[in-house]
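Subject: A structure for you to look at

Hi,

Here is the structure I promised to pass on to you. Please open it next to this email and follow along as you read.

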Amino acid sequence: MTNKQWICIIFIVLPLLAFSQQRKLMIQDSARYSVSMIYEAVVDMIYLYEDYLEVSLLGYSEFGQAIPVLKISDTSTKPKKAILLVGNLHAREFFSSKFVLKFCNEFLFSLKNSNGIYPSADKILNEYDLFLIPLANPDGVKIAQEDWKGIESYKNAIASIKRIGPYSDWKANGLGIDLNNNFDDGNFEVKHGHLFEENPASQGHKGDYPCQAKEVKLLQDFVDSITPLLTLSFHTKGDVLFWADKGTHANFQGLDTKLNIRIADKCGLKMAKVSKDPREYGAGLENYIRAKTKRLGVCVELSPPNGSVSQHAPQMFKTLVWDKCRYMPILYLEELSILYPSYNYLFLKE
Ligand SMILES: [Zn+2]
């Protein structure tokens, strides 16, 4: 080989090799992710991490927007426990989809690279299959961001829905139903919530019957098909875990308390008191999980309260959410692995 050829290898081929080994999708901390940015990030992850990542569709929203489900698993045929992470049930809470997406990306990167931030990622996949739904309410997110592309034909119908505050405060789905008040947990009839609206609204309307919202029906059917041992549903106000309710708390015989105390402590979050009144707490995803599947469900409120419904600025994501909570899902799974052997009898009976 001539010197010229070596120089060619050093300057052209080697940097390309290095690039291919280290290429990492960046989930930008300071950007507010639109629906299409989330889709693009998911597609990028498919190309980068095809050995571990399978993407399917939960289905389509009321306005025909795709709701992707990301499954991270290894190739072993050993039975695994399913874990579910869900973001953006509430439209305006854009930190929550960003968190699920960024966690997913960092976890996948850690499986393939020794310099990832989750060194236990491989070990976790020995025991768990992770299912992630970063964007449970794409129509609502588009409305909250006034991103009408692809939903132009619904604009008049959206404008006719009672709006409380600016579009950026929109919390419901495209039809004006609060998705986290529409699950069929057995409490739908008694649930009112302090912002109850009789008719469709940008927030506070639970729907006319459980599972009226297409997104809720899809999510509930999916939950029934995988029966996750633990579900973390991410929201964005309060730095608090809603981890137990009076109707189901006793079923867990202390496992829920031990698990969540440790996570709250390690991540610097508060633990809400056990929710007492089904009129206040019922019909959320976490309630459905606890009441109907008898598994662990936690509503995680990321980021501190700011005395307003408006969200923190996008550039605050790193300091208010990521720096504090990036290890949270890993901590949950590590703690669950420690605690589970003493409690597995709880989950054997259906
Ligand atoms: Zn919320």
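Let me start with a question: is C267 buried or exposed? With a relative accessible area of 3%, C267 is buried. Please keep in mind throughout that this is a predicted model.

**The cysteines**

Since we have begun with a cysteine, let us stay with that topic. A disulfide is a covalent bond between the sulfur atoms of two cysteines. How many disulfides does the structure hold? The count is zero. For C267, the closest cysteine sulfur belongs to C325 and is 5.1 Å away, which is too far for a bond. A disulfide needs two cysteine sulfur atoms within 2.5 Å. C104 also has C325 as the owner of its closest cysteine sulfur, but here the distance is 17 Å, again too far for a bond. C104 is buried as well, because its relative accessibility is 1%.

**A look at helix α3**

Another residue to find is N105, which sits in helix α3. N105 counts as buried, because its relative accessibility is 1%. Which residues does N105 touch, if we leave aside its neighbours within four places in sequence? They are K24, L25, I27, M45 and Y49.

**The zinc site**

Now please find the zinc ion. Its protein donors are ND1 of H90, two OE atoms of E93 and ND1 of H235, at 2.1 to 2.4 Å from the ion. Along the chain, these donors follow the spacing H-x2-E-x141-H. The pair E93 and H235 links distant parts of the chain, 142 residues apart: E93 is in the loop between β3 (81–87) and α3 (94–112), while H235 belongs to strand β5 (residues 230–235). Both E93 and H235 are buried.

What is the geometry of the site? It is irregular, with angles of 55 to 143° among the four donor atoms. To be called tetrahedral, a site with four donors needs all its angles between 85 and 135 degrees, so this range does not qualify.

**The sheet**

Next comes the sheet. Strands of a sheet pair through backbone hydrogen bonds, either parallel or antiparallel. In this structure, eight strands form an open sheet with mixed pairing, and their order is β1-β2-β4-β3-β5-β8-β6-β7. The edge strands, each pairing on one side only, are β1 (53–60) and β7 (270–271).

Try tracing the sheet from β1. This strand pairs with β2 (residues 66–72) in the antiparallel sense, over seven bridges. Within that pairing, V55 has L70 in β2 as its bridge partner.

Then move to β8 (296–301). Six bridges join β8 to β5, and these two strands run parallel. One example to click on is S233, whose bridge partner in β8 is C299. Between β8 and β6 there are three bridges, and the strands run antiparallel. Here L241 stands opposite V300 in β8.

How many of the six residues of β8 are buried? Six of the six are, so to speak, under cover. L296, V298 and V300 point one way from the strand, whereas G297, C299 and E301 point the other way, and all are buried. As for what lies over the sheet, helix α10 (residues 285–293) lies across β3, β5, β6 (240–242) and β8, running at about 165° to β8.

Enjoy exploring, and do write back with any questions.

Best wishes

Key: Residues numbered from 1 in each chain as written. Predicted model: local features only at pLDDT ≥ 70, side-chain atom pairs only at ≥ 80, totals over all residues. Heavy atoms only, no water. Donors = N, O, S within 2.8 Å, 3.2 Å for Na, K, Ca; no water. Tetrahedral: all angles 85-135°; square planar, octahedral: opposite > 155°, others 65-115°. Helix = DSSP H or I, 4+ residues; strand = E, 2+ residues; numbered from the N terminus. Buried < 20%, exposed > 50% of the residue type's maximum accessible area, 1.4 Å probe, protein only. Pairing = 2+ DSSP bridges. Contact = heavy atoms within 4.5 Å. Axes fitted to C-alpha atoms, helices over the stretch in contact; angles between N-to-C directions.
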